[in-house]
Amino acid sequence: MDIIDAIMSRQSIRHYLDKDVDDDIIKELIKAGCQAPSAHNRQPWAFIVTKNKDKMNEIAVNSTYAKFLPTASAAIIVCSHFDPLQQIPALPSPNLHSSQDVAAAAENILMAALDYGLGTCWIGDINDALLRRLFDIPDDYRPMLIIAVGYPDPMHMPPKRKRRPLDEVLHWNKW
């Protein structure tokens, strides 16, 4: 799939077929995530993949917007390393770019999934304490988002996304 076509056609998928996504494909998605740019090449990301339906259900029950998660084949918990010892002196706060870096990695995963015929959904509604308990996340890492992954159910495809017109968001040389 052409990159521009992938970007323009990507949708958040919340209905999945009951079909497993092979672990080798998941590894390829994570490899794509690891190719994202990162400030000072720190690569602060870490990824936890689960196919455990009990854990996915517990996340869903404790979430407002992730109720569909147990229907996905897998969930990728995207974490960011926040280490004050790796403070970049020119930045006003520790790890300022870490969340930007992991967001770029997550977007790479979303785009790569399309190439495998997979659907994904970025879930920002996370319960930090719950994810730490379920997945033994170390203190110097922070769960940032979850990506639901699976084969889209063609009977439940979302409508085409509406986007703001370019003339509302694009500014040349000044606001």
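Which residue forms a salt bridge with Lys-51, and how far apart are the closest N and O atoms? In this predicted model, the partner is Asp-23, and the closest N and O atoms are 2.7 Å apart. Lys-51 sits in the loop between β1 and α3, while Asp-23 belongs to helix α2 (residues 23–33), so this pair ties together parts that are 28 residues apart in sequence. Neither end is hidden away: Lys-51 is partly exposed at 26% relative accessibility, and Asp-23 is partly exposed at 47%.

## Salt bridges

The structure has 6 salt bridges by the rule used here. Three of them are set out below, including the one we have just met.

| Pair | Closest N to O distance |
|---|---|
| Lys-51 and Asp-23 | 2.7 Å |
| Lys-31 and Glu-28 | 3.0 Å |
| Asp-128 and Arg-132 | 2.7 Å |

Two of these pairs stay inside a helix. Lys-31 and Glu-28 are 3 residues apart in helix α2, so about one helical turn separates them. Glu-28 is partly exposed, with a relative accessible area of 32%. Asp-128 and Arg-132 both belong to helix α5, where they are 4 residues apart, about one turn of the helix. Asp-128 is partly exposed too, its relative accessible area being 29%. Salt bridges with shared partners also link Asp-20, Asp-23 and Lys-51 into one network.

## A charged residue without a salt bridge

Now to a charged residue that has no such partner. Asp-101 lies in helix α4 (residues 98–115). Asp-101 is buried yet takes part in no salt bridge. The nearest side chain of opposite charge is that of Arg-42, 7.3 Å away. A salt bridge needs the nitrogen and oxygen within 4 Å, so Arg-42, at 7.3 Å, does not form one with Asp-101. What does Asp-101 contact, leaving aside its neighbours within four places in sequence? The residues are Ala-36, Pro-37, Ser-38, Ala-39, Pro-44 and Trp-45.

## Two helices with a buried side

Helix α3 (residues 53–61) has Met-56, Ile-59 and Ala-60 as buried residues. These cover an arc of only 100 degrees around the axis, which puts them on the same side of α3. Asp-54 and Val-61, on the other side of α3, are exposed. The cover over the buried residues of α3 includes β1 (45–50), β2 (74–81), α5 (128–135) and β4 (141–150). At the N-terminal end of α3, Asn-52 acts as a cap, with a side-chain oxygen 2.9 Å from the backbone nitrogen of Asp-54.

Helix α5 can be read in the same order. Its buried residues are Leu-130, Leu-131, Leu-134 and Phe-135. They span an arc of only 105 degrees around the axis, which places them on the same side of α5. Ala-129 and Arg-133 are exposed, on the face of α5 turned away from its buried side. Covering the buried residues of α5 are, among others, β1, α3, β2 and β4. Thus α5 is part of the cover of α3, and α3 is part of the cover of α5.

Both ends of α5 have a detail worth a look. At the start, a side-chain oxygen of Asn-127 comes within 3.3 Å of the backbone nitrogen of Ala-129. Just after the helix, Asp-136 takes a positive phi of about 55 degrees.

## Cysteines

How many disulfides does a search of the whole structure find? The search finds 0. For Cys-34, the nearest cysteine sulfur is that of Cys-79, 13 Å away. Cys-34 is partly exposed, at 30% relative accessibility. Cys-121 is in no disulfide either, and the sulfur of Cys-79, the nearest one to it, is 18 Å away. Cys-121 is buried, with a relative accessible area of 2%. A disulfide is a covalent bond joining the sulfur atoms of two cysteines.

## A buried glycine in β4

We finish in strand β4, where Gly-150 has its place. Gly-150 is buried, with a relative accessible area of 0%. Apart from neighbours within four places in sequence, Gly-150 is in contact with Tyr-16, Val-21, Ser-73, Leu-118 and Gly-119. Gly-150 and Asp-101 are 49 residues apart along the chain, and their C-alpha atoms are separated by 24 Å.

Terms used
Residues numbered from 1 in each chain as written. Predicted model: local features only at pLDDT ≥ 70, side-chain atom pairs only at ≥ 80, totals over all residues. Heavy atoms only, no water. Buried < 20%, exposed > 50% of the residue type's maximum accessible area, 1.4 Å probe, protein only. Lys, Arg positive; Asp, Glu negative; His and termini not counted. Contact = heavy atoms within 4.5 Å. Disulfide = S-S within 2.5 Å. Arc of directions from axis to C-beta. Polar contact = N/O pair within 3.5 Å; in protein donor to acceptor, adjacent residues only side chain to side chain.
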